[in-house]
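Q: I would like to learn how to read a model like this one, feature by feature. Could you walk me through it?

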Amino acid sequence: MKPAKKGAQKSSKSTTATGKKPKGVTDEEKAAMREHLQELKADARRGRGADKADGESAVLAKIAALPQPDRAMGERLHAIIKANAPALSPKTWYGMPAYAKDGNVVCFFQSSHKFKTRYTTLGFSDKANLDEGCMWPTAFALKELTAAEEAKIAALVKKAVS
């Protein structure tokens with residue numbers, strides 16, 4: 001009688017049914033997590049009553065570091081958000097420009113270069129007051145900003161902080 005075989009070991013290079021290697025955390029996602037840890041440490045050093053100007057300068061520096069056309073879009077979004085939701089405080093969040101109320105991120109801007117996507121993203125957290133029934137959008141793809149998009153964004157930001 002042959003001894004029973006122990007469980008077969010799986011290779012670390014296993015593939016899915018499609019023949020592709022399973023996707024793990026990307027280098028970009030790891031970098032964003034490292035940035036978030038640095039932001040948390042910096043926030044802790046500054047304390048809860050951190051100056052709004054500190055967050056503003058950090059957000060403006062992140063926007064200035066973006067390649068075009070994302071930089072121009074980030075600058076315009078920053079202006080729209082500040083004008084329509086002055087209660088929000090600029091801050092960085094996972095290395096992205098974000099805007100918070102009472103320390104909680106309400107909305108953020110994600111450059112297309114951040115995670116190598118084909119569009120930039122304007123996203124809203126669960127702290128945004130955008131609820132409409134049982135389903136509503138929380139992120140919007142942006143290819144460019146026209147007057148129509150700017151008006152929609154202004155309305156969304158106002159609603160998010162209402």
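Q: Which side chain meets Glu150 in a salt bridge?
A: The general idea is that side chains of opposite charge can pair when their charged atoms come close. In this predicted model, the side chain of Glu150 meets that of Arg76 in a salt bridge, with 3.1 Å from N to O. The pair links distant parts of the chain: Glu150 belongs to helix α4 and Arg76 to helix α3, 74 residues apart. Arg76 is partly exposed, because its relative accessibility is 36%.

Q: How many salt bridges does a search of the whole structure find?
A: The search gives 3. One of them joins Lys82 and Glu56, at 3.2 Å from N to O. Lys82 sits in helix α3 and Glu56 in helix α2, so this pair ties together parts that are 26 residues apart in sequence. Another is formed by Lys159 and Glu132, whose closest N and O atoms are 2.9 Å apart. Here Lys159 is in helix α4 while Glu132 is in the loop between β4 (120-124) and β5 (139-142), so the pair ties together parts 27 residues apart in sequence.

Q: Is Glu56 buried or exposed?
A: The cut-off to keep in mind is that buried means under 20% relative accessible area. Glu56 has 19% relative accessibility, so it counts as buried. Its partner in the salt bridge, Lys82, has 40% and therefore counts as partly exposed. For the pair of Lys159 and Glu132, Lys159 is partly exposed because its relative accessible area is 30%, and Glu132 is also partly exposed because its value is 48%.

Q: Which residues does Glu56 touch, leaving out those up to four places away in sequence?
A: Glu56, in helix α2 (residues 52-64), touches His78, Lys82 and Pro90. You have met Lys82 already, as the residue whose side chain forms a salt bridge with Glu56.

Q: Let me turn to helix α3. What end-to-end span should I expect for α3, and what does the model give?
A: The idea is to count the rise per residue and compare. Helix α3 covers residues 70-84, which is 15 residues; at 1.5 Å a residue they should span 21 Å, and the end C-alpha atoms are 21 Å apart, so the two agree.

Q: Which residues of α3 are buried?
A: First, the general point: an α-helix has 3.6 residues a turn, so residues three or four places apart point the same way. In α3, the buried residues are Asp70, Met73, Gly74, Leu77, His78, Ile80, Ile81 and Asn84. Try marking them on the structure and looking along the helix.

Q: A charged residue is in that list. What is the nearest side chain of opposite charge to Asp70, and how far away is it?
A: That side chain is Lys143, at 8.7 Å, and Asp70 is buried yet has no salt bridge. When reading such a case, look for polar partners too: the side chains of Asp70 and Ser112 are joined by a polar contact of 2.8 Å. Leaving out residues up to four places away in sequence, Asp70 touches Phe109, Ser111, Ser112, His113 and Thr120.

Q: What polar contact does the side chain of Lys158 make?
A: Lys158, found in helix α4, makes a side-chain polar contact with Asn84, at 3.5 Å. The C-alpha atoms of Lys158 and Ala85 are separated by 5.9 Å, although these residues are 73 apart along the chain. Lys158 counts as partly exposed because its relative accessibility is 47%.

Q: Where does Ala155 lie?
A: Ala155 is in helix α4 (residues 147-160). From C-alpha to C-alpha, Ala155 and Ile81 are 9.9 Å apart in space, with their positions 74 residues apart in sequence.

Q: Finally, how many helices and strands does the protein chain have?
A: The chain has 4 helices and 5 strands, and from the N terminus their order is α-α-α-β-β-β-β-β-α. Of its 162 residues, 33% count as buried. Among contacts with a separation of 6 or more, 50% come from residues 24 or more positions apart. The chain exposes about 10,900 Å², and carbon and sulfur atoms supply 56% of that area.

Note on methods. Residues numbered from 1 in each chain as written. Predicted model: local features only at pLDDT ≥ 70, side-chain atom pairs only at ≥ 80, totals over all residues. Heavy atoms only, no water. Helix = DSSP H or I, 4+ residues; strand = E, 2+ residues; numbered from the N terminus. Expected span 1.5 Å × (residues − 1). Buried < 20%, exposed > 50% of the residue type's maximum accessible area, 1.4 Å probe, protein only. Contact = heavy atoms within 4.5 Å. Areas by Shrake-Rupley, 256 points an atom, 1.4 Å probe, with all protein chains shown as cover. Lys, Arg positive; Asp, Glu negative; His and termini not counted. Salt bridge = Lys/Arg side-chain N within 4 Å of Asp/Glu carboxyl O. Polar contact = N/O pair within 3.5 Å; in protein donor to acceptor, adjacent residues only side chain to side chain.
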